[in-house]
Amino acid sequence: LHVAEYAILSLLLARALVWKDPLNLVLLLAALAISVLFALSDEYHQVFVPGRRFETGDLMLDALGSGIGLLTFIPLARKNRLADIQPDK
């Protein structure tokens, strides 16, 4: 479940950051960083919840999901951008 949730999060973050601009490695890495930082903050806040604790394994699964989300976003974005190109008349 962690992988799926963070894959969706990073895909949506990448879409929000890149939007109509050309694919940009810096923006894609920013989406990954934001997603992983959110995962880190989520794990950290669990320290203060009774019966919960910081789980490194969960953090790793979240980061994996974030990477999968970006790897899913890139070909989708390229496909959509190619569809937007209009041939010269």
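I began by fixing one term: a residue is buried when its relative accessible area is under 20%, and exposed when that value is over 50%. I also noted at the outset that this is a predicted model, and I read every entry below with that in mind.

**Helix α1**

With that cut-off I went through α1 and found Tyr6, Ala7, Ser10, Ala14 and Val18 buried. I then looked at how they are placed around the axis: they cover an arc of only 110°, which puts them on the same side of α1. I reminded myself that an α-helix has 3.6 residues a turn, so residues three or four places apart point the same way. On the face turned away from this buried side I found the exposed residues Ile8 and Ala16.

I checked the length as well: α1 runs over residues 2-18, and its 17 residues, at 1.5 Å a residue, should span 24 Å, which agrees with end C-alpha atoms that are 24 Å apart. Just after α1 I came to tryptophan 19, and I noted that its phi is positive, near 45°.

**Helix α2**

I turned next to the start of α2, where asparagine 24 caps the N-terminal end, with a side-chain oxygen 2.8 Å from the backbone nitrogen of valine 26. The same check of length gave agreement here too, since the 21 residues of α2 should span 30 Å at 1.5 Å a residue and the end C-alpha atoms are 30 Å apart.

In α2 I listed Leu28, Ala31, Ser35, Ala39 and Glu43 as buried. Seen down the axis, these residues fall within an arc of 110°, so they line one face of α2. On the other side of α2, I recorded Val26 and Leu37 as exposed.

**The nonpolar core**

Which residues make up the largest nonpolar core? I found 7 residues in it, namely Ala14, Val18, Leu28, Ala31, Leu70, Phe73 and Ala77. The elements that give two or more residues to this core are α1, α2 (25-45) and α3 (56-84), and the largest share, 3 residues, comes from α3. I set beside this the general remark that in soluble globular proteins nonpolar side chains tend to be buried together.

I followed one member of the core, phenylalanine 73, and, leaving aside its neighbours within four places in sequence, I found it in contact with Leu11, Ala14, Arg15, Val18, Leu23 and Leu28.

**Serine 66 and lysine 20**

Is serine 66, which I placed in helix α3, buried or exposed? Serine 66 is buried, as its relative accessible area is 0%. Its side chain is joined to that of serine 35 by a polar contact of 2.6 Å. Not counting residues up to four places away in sequence, serine 66 touches Tyr6, Ala7, Ser10, Leu32, Ser35 and Val36.

For contrast I looked up lysine 20, found in the loop between α1 and α2, and its relative accessible area of 65% makes it exposed. Lysine 20 and serine 66 are 46 residues apart in sequence, and their C-alpha atoms are 21 Å apart in space.

**Aromatic pairs**

I counted 2 aromatic pairs in the structure. One of them, formed by tyrosine 6 and phenylalanine 38, is tilted, with 6.4 Å centre to centre and 45° between the planes. Tyrosine 6 lies in helix α1 and phenylalanine 38 in helix α2, so this pair ties together parts that are 32 residues apart in sequence. Tyrosine 6 counts as buried at 5% relative accessibility, whereas phenylalanine 38, at 48%, counts as partly exposed.

For tyrosine 44 and phenylalanine 48 I noted ring centres 5.3 Å apart and planes at 80°, so that pair is edge-to-face. Tyrosine 44 counts as partly exposed at 49% relative accessibility, and phenylalanine 48 is exposed, with a relative accessible area of 57%.

**Glutamine 46**

My last entry concerns glutamine 46, which lies in the loop between α2 and α3 and is buried there, with a relative accessible area of 5%. I found that its side chain makes a polar contact of 3.0 Å with the side chain of arginine 52. Leaving aside neighbours within four places in sequence, glutamine 46 is in contact with Arg52 and Arg53.

Key. Residues are numbered from 1 along each chain as its sequence is written. This is a predicted model: local features need pLDDT of at least 70, side-chain atom pairs count only at pLDDT 80 or more; totals for chains, interfaces and linings use all residues. Side-chain values use heavy atoms; hydrogens and water are left out. Helices (H or I, at least four residues) and strands (E, at least two) are DSSP runs, numbered from the N terminus. The expected span of a helix is 1.5 Å times one less than its number of residues. Buried means under 20% relative accessible area, exposed over 50%, partly exposed in between (1.4 Å probe, protein chains only). The arc is that of the directions from the helix axis to the C-beta atoms. A nonpolar core is a set of buried Ala, Val, Leu, Ile, Met, Phe, Trp, Tyr and Cys residues joined through side-chain atoms within 4.5 Å. Contact means heavy atoms within 4.5 Å. A polar contact is a pair of N or O atoms within 3.5 Å; within protein, one must be able to donate a hydrogen and the other to accept it, and residues adjacent in sequence count only if both atoms are side-chain atoms. Rings of Phe, Tyr and Trp (its six-membered ring) pair if their centres lie within 6.5 Å; planes under 30 degrees apart count as stacked, over 60 as edge-to-face and the rest as tilted.
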